[in-house]
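This report is written for someone meeting the structure for the first time. Please look through the sequence and the model, and then read on with both in view.

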Amino acid sequence: MFRAASSASILLLATALAAQAGGDPALGKHVFNRCISCHDATTDRDKVGPHLLGVVGRTAGSAESFLGHYSEAMKSAGAGGLVWDEANLAEYLKAPRLKVPGNKMMFAGLNNDDDIANVIAYLKADPKP
């Protein structure tokens with residue numbers, strides 16, 4: 001009986017951790033409110049920064065509509081093979097100036113790993129919550 005309860009507890013904990021690691025798009029939308037003055041994630045409209053619609057899987061510095069505005073650092077990062085997968089986005093969102101030194105983004109980064117996971121889940125969501 002104890003073994004079955006322990007197994008069930010471990011399974012429940014693993015499921016909860018996996019869900020947390022994947023992030024919550026609705027919570028990510030709330031966190032993304034810090035970004036909306038410079039970025040749009042629901043349309044391909046650029047603002048001060050490039051739109052982030054479809055950013056997951058996109059090469060850095062390659063949004064066609066923003067090509068003339070990227071920093072040389074971001075263009076070079078993309079030319080060097082930087083693709084915005086979940087791991088690279090997480091690093092960038094945590095410390096943009098460390099991930100791509102010399103980029104133009106003024107935002108210092110997100111400190112909370114859950115916020116980062118949630119923003120990435122929001123960016124990946126289609127349709128967005």
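The lining of the largest pocket draws at least two residues from each of two elements, helix 4 (86-94) and helix 6 (113-124), and of the contributors helix 4 gives the most, with 3 residues. The structure is a predicted model, and in it this pocket holds about 620 Å³ of space. Its lining is made up of 31 residues, and those that lie nearest the centre are His39, Gly49, Pro50, Tyr92 and Met105. Sorted by class, the lining has 20 nonpolar residues, together with 8 polar and 3 charged ones.

The protein around this pocket has 6 helices and 0 strands, and its elements, read from the N terminus on, run α-α-α-α-α-α. Of its 129 residues, 37% are buried. Among the contacts with a separation of 6 or more, 44% join residues that are 24 or more positions apart. The protein exposes about 7,800 Å², and carbon and sulfur atoms supply 62% of that area.

Two of the helices show how burial is arranged along a helix. In helix 2 (residues 25-32), the buried residues are Gly28, Val31 and Phe32. They lie on the same side of helix 2, because the arc they cover around the axis is only 100°. These buried residues of helix 2 pack against helix 6.

In helix 3 (residues 72-79), Ala73, Met74, Ala77 and Gly78 are buried. They too are placed on the same side of their helix, since they cover an arc of only 135° around the axis of helix 3. An α-helix has 3.6 residues a turn, so residues three or four places apart point the same way. On the face of helix 3 turned away from the buried side are the exposed residues Glu72 and Ala79, while the cover over the buried residues of helix 3 includes helix 4.

The table sets out two buried residues, one from helix 3 and one from helix 6.

| Residue | Relative accessibility | Contacts beyond four places in sequence |
|---|---|---|
| Glycine 78 | 12% | Thr59 and Ala60 |
| Aspartate 115 | 18% | Val31, Arg34 and Leu110 |

Why does glycine 78 count as buried? Its relative accessibility is 12%, and buried means under 20%, so glycine 78 falls within that class. Glycine 78 also lies 9.2 Å from arginine 58, C-alpha to C-alpha, although the two are 20 residues apart in sequence.

Aspartate 115 is found in helix 6, and its relative accessibility of 18% is the reason why it counts as buried. When residues up to four places away in sequence are not counted, aspartate 115 touches Val31, Arg34 and Leu110. Val31 is one of the buried residues of helix 2, and those residues pack against helix 6.

Two details of the backbone remain. Most residues other than glycine have a negative phi, and most peptide bonds are trans. Just after helix 3, glycine 81 takes a positive phi of about 105°. The peptide bond from aspartate 126 to proline 127 is cis, with omega near 5°, and proline 127 belongs to the segment after helix 6.

Note on methods
Residues are numbered from 1 along each chain as its sequence is written. This is a predicted model: local features need pLDDT of at least 70, side-chain atom pairs count only at pLDDT 80 or more; totals for chains, interfaces and linings use all residues. Side-chain values use heavy atoms; hydrogens and water are left out. On a 1 Å grid over the protein atoms alone, a cavity is a set of points where a 1.4 Å probe fits but cannot get out, and a pocket is an open set with protein on both sides within 12 Å along at least five of seven lines; lining residues have an atom within 4 Å of a point. Grid points are joined across faces, edges and corners, and a volume is the space filled by probe spheres set on the points. Helices (H or I, at least four residues) and strands (E, at least two) are DSSP runs, numbered from the N terminus. Ala, Val, Leu, Ile, Met, Phe, Trp, Tyr, Cys and Pro count as nonpolar, Asp, Glu, Lys and Arg as charged, and the others, Gly among them, as polar. Buried means under 20% relative accessible area, exposed over 50%, partly exposed in between (1.4 Å probe, protein chains only). Contact means heavy atoms within 4.5 Å. Accessible areas come from the Shrake-Rupley method with a 1.4 Å probe; for residues, only the protein chains shown count as cover. The arc is that of the directions from the helix axis to the C-beta atoms.
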